[in-house]
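Colleague: I've got the picture open, but the labels lose me. Could you go through them and tell me how each one is earned?

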Amino acid sequence: MDRNTVTGLILILLTMVAWAYFTMPSQEELQRRQAQQQAQQDSIAAVQRADSIARARQQQQDSPTAQTEEEPGEQTTGMATLSEEEGNGQSAMGIFGSASIQDTTQFTVNTPYYRATFTNLGAGPSQILLKDYETWDNQQVEMIKDTTESTYTLGFLSSENYNIETDKLVFEQLTEGDSLSLAEGETSELRYALNISDSKRILYTYTLNGNNHQIDLDIQFQGLQRDIIGSTVEFGWESPLQFTEKDPSQEGVYTSAYVYTGGEMEQLLLSEPNREEQNYNGTIDWVATRTKFFTQVIKSETPTEGALLIGELSGQTDNPNTEYRYQSYINADIPESGLVEFKLYTGPLSYHLLKDFDETAYDMVDVGYSWTRWFSDPLVRYMIIPYFGFVADYMNIGLAIILFAILIKLVLYPLTKKSYRSMAAMKELQPKMKEIQDKYSDDPQKQQKATMKLYKEAGVNPLGGCLPNLLQLPILITLWRFFQNSILIRQEEFLWAADLSAPDYIFSLPFSIPFIGDQIAGFVLLMSIAMIFQSRLTGGMGGPGGGGGAPGGINMKAMQYIFPVMMLFIFNNFAAGLSLYYLIYNVVSIAQQLLIYRQMDNEKAVAEA
């Protein structure tokens with residue numbers, strides 16, 4: 001690498017740092033922006049509230065039945081009663097609203113995997129708490145919370161021209177009692193009904209089991225063929241999933257909505273404050289929303305017509321107070337039998353758990369760029385995941401990562417050896433190449449022809465040093481993307497790292513550095529030191545063996561520090577497990593480099609003897 005290249009890289013790095021520093025808003029500017037953002041959100045909320053009240057009033061005026069049935073201040077009895085606003089909403093749903101009862105009930109389901117609270121307001125779960133997982137502050141993971149109604153809702157257009165949303169209707173709980181517990185292998189049913197008349201009703205049947213995170217839902221429409229326009233219903237998840245990690249900005253990077261249709265997965269991911277809807281037509285395999293490590297998926301067992309994804313961000317993604325609200329809906333046809341079947345999954349983004357539900361759902365886990373997925377998907381599913389599943393019973397995950405890095409380097413050793421030998425051969429030709437450059441300095445064509453002739457006579461491929469490294473890139477990219485959002489290393493401790501899926505900051509700075517922040521991660525720092533040592537080794541191994549580098553010079557010395565520093569900037573806020581992997585990867589590379597150089601020195605000594 002010549003002086004101009006090194007100088008160019010240094011200038012690029014300095015330009016990036018300077019640009020980030022001078023464009024970084026001051027604390028006062030950040031506070032002003034936050035205040036403006038909050039004011040905008042308050043204005044939007046005020047307008048939405050005003051619109052909601054106006055619509056409710058208009059619906060009341062348009063519905064004589066509602067006006068006559070509704071009595072101001074009317075109170076009902078039962079475990080709990082609906083608010084006035086909820087009652088108004090029901091009155092605006094025609095015969096379906098009239099079928100709603102007033103008393104609300106709750107039903108608790110305990111399995112080895114979760115505890116769910118079902119409510120008859122919408123006939124679905126209002127809280128789901130996972131038993132095997134904790135948040136970063138050691139609280140049990142709540143997929144949804146603080147809701148008083150079902151997070152699942154069924155929507156359709158009635159023949160009375162009302163938009164019906166079942167999460168606003170109070171069903172009758174048909175299952176007796178208020179709780180049930182299921183052990184491994186046990187199943188049970190939970191049933192609700194919306195009784196419209198003696199011959200018309202909507203019947204919900206949840207089939208719960210103690211084996212996994214799945215719930216089956218059968219919805220039976222009885223005598224309602226003429227009351228639902230188009231015989232089409234929209235079923236979806238409304239409540240936003242709760243964040244579980246310490247850094248909401250990092251978790252927000254992965255929070256999004258998905259649909260799988262036509263053999264391909266589509267994603268709705270917003271990167272700036274906005275609200276966006278995406279509609280899809282045709283057969284839908286499933287829809288989902290996810291956070292960094294958890295997801296909810298809806299799959300229809302009956303014919304589908306389309307899907308709807310909705311995403312909404314209340315602020316910038318680097319603002320920890322930004323709210324991420326993603327919703328997913330699937331449109332299903334009501335067959336002549338009147339039975340619509342759904343399968344629901346609410347739990348971790350675990351390959352083995354999702355595989356039993358629908359293997360394509362694991363595509364939500366980021367394992368690489370689109371052009372590397374042909375390679376990264378099988379690598380993750382058939383090599384990395386089985387490896388960690390096997391060794392997890394025998395060692396700490398941190399040790400498993402170290403062993404994995406060593407194994408990868410051993411597998412790639414033939415490519416590494418070829419790369420170093422090729423680079424050494426090129427350096428052997430440096431004096432002759434310099435002679436050619438001096439001889440044909442005024443004739444580039446002759447210079448190039450003489451250089452290629454030299455390569456041919458020496459049996460050297462000028463790309464031999466970089467091609468083996470390029471072949472390793474798909475593996476490195478796959479691990480880089482996968483370790484950042486894999487639940488395999490979540491909340492796994494190793495040495496000073498409390499969670500290998502989060503940065504392992506070991507000390508704080510009195511100031512903030514662009515791209516790095518005000519904290520330095522331990523494994524990243526060690527990785528950068530290892531890279532400096534490796535660079536110095538590459539540049540300093542001269543001598544008779546030919547295994548060393550060319551004379552260092554100022555350019556190579558500068559490069560010994562530029563790339564490690566760049567890696568510190570890039571990796572500092574990534575998962576500690578990823579940094580640990582690359583730390584060991586570089587340490588093993590140094591050992592292999594020393595071994596290869598020694599072999600080459602011995603071979604040259606034998607040849608000269």
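Modeller: Sure. Strands here are DSSP runs of E with at least two residues, and they are numbered from the N terminus. With that, Gly 185 can be placed in the loop between β8 (179-181) and β9 (187-195). Keep in mind that this is a predicted model.

Colleague: Why is Gly 185 called exposed?

Modeller: Compare its value with the cut-off: exposed means over 50% relative accessible area. Gly 185 comes out at 54%, so it counts as exposed. Even so, Gly 185 touches Gly 210 and Asn 211 once you skip residues up to four places away in sequence. Between Gly 185 and Asn 211 there are 5.8 Å from C-alpha to C-alpha, with 26 residues of separation in sequence.

Colleague: Then what makes Gly 94 buried?

Modeller: Buried needs a value under 20%. Gly 94 has 14% relative accessibility, so it passes as buried. You'll find Gly 94 in helix α5 (residues 94-99). Outside its neighbours within four places in sequence, Gly 94 is in contact with Glu 160 and Tyr 162.

Colleague: How do you know that Gln 491 is partly exposed?

Modeller: Partly exposed is the band between under 20% and over 50%. Gln 491 sits at 29%, so partly exposed is the label it gets. Look for Gln 491 in the loop between α13 (467-485) and β21 (505-513). Its phi is positive, about 55 degrees, although Gln 491 is not a glycine.

Colleague: Which residue with phi near 55 degrees lies between β2 and β3?

Modeller: That's Ala 123, with a positive phi in a residue other than glycine. Ala 123 is in the loop between β2 (114-119) and β3 (124-134). Its relative accessible area is 0%, so Ala 123 is buried.

Colleague: What makes Leu 169 buried, when its place is a loop?

Modeller: The label depends on area, and buried means under 20%. Leu 169 has 0%, so it is buried, and its loop runs between β6 (163-165) and β7 (172-173). The C-alpha atoms of Leu 169 and Ser 100 are separated by 5.4 Å, although the two are 69 residues apart along the chain.

Colleague: On to the rings. Why is the pair of Tyr 387 and Phe 404 called tilted?

Modeller: A search of the whole structure turns up 30 aromatic pairs, and Tyr 387 with Phe 404 is one of them: 5.0 Å centre to centre, 40 degrees between the planes. Ring centres have to lie within 6.5 Å to pair; planes under 30 degrees apart are stacked, over 60 edge-to-face, and the rest tilted. The distance of 5.0 Å makes it a pair and the angle of 40 degrees falls in the remaining class, so tilted it is.

Colleague: What does that pair tie together?

Modeller: Tyr 387 is in helix α8 (residues 373-391) and Phe 404 in helix α9 (residues 397-411), so the pair ties together parts that are 17 residues apart in sequence. Tyr 387 and Phe 404 are both buried. They also belong to one aromatic cluster, whose members include Tyr 369, Trp 480 and Phe 571.

Colleague: How do you know that the charged end of Arg 481 sits over the ring of Tyr 369?

Modeller: For Arg, the CZ atom must be within 6 Å of the ring centre and within 35 degrees of the ring normal. The charged end of Arg 481 is 4.3 Å from the centre of the Tyr 369 ring and sits over it. That charged end also sits over the ring of Trp 480, 5.9 Å from its centre.

Colleague: And why are α9 and α10 called oblique?

Modeller: Their axes come within 4 Å and cross at roughly 60 degrees. Under 35 would be roughly parallel, 65 to 115 roughly perpendicular, and over 145 roughly antiparallel. An angle of roughly 60 fits none of these, so α9 and α10 are oblique. In that contact, Lys 409, Leu 410 and Val 411 of α9 meet Tyr 413, Pro 414 and Thr 416 of α10. By type, that gives 4 nonpolar, 1 polar and 1 charged.

Terms used:
Residues numbered from 1 in each chain as written. Predicted model: local features only at pLDDT ≥ 70, side-chain atom pairs only at ≥ 80, totals over all residues. Heavy atoms only, no water. Phe/Tyr/Trp six-rings, centres within 6.5 Å; stacked < 30°, edge-to-face > 60°. Buried < 20%, exposed > 50% of the residue type's maximum accessible area, 1.4 Å probe, protein only. Axes fitted to C-alpha atoms, helices over the stretch in contact; angles between N-to-C directions. Contact = heavy atoms within 4.5 Å. Nonpolar A, V, L, I, M, F, W, Y, C, P; charged D, E, K, R; others polar.
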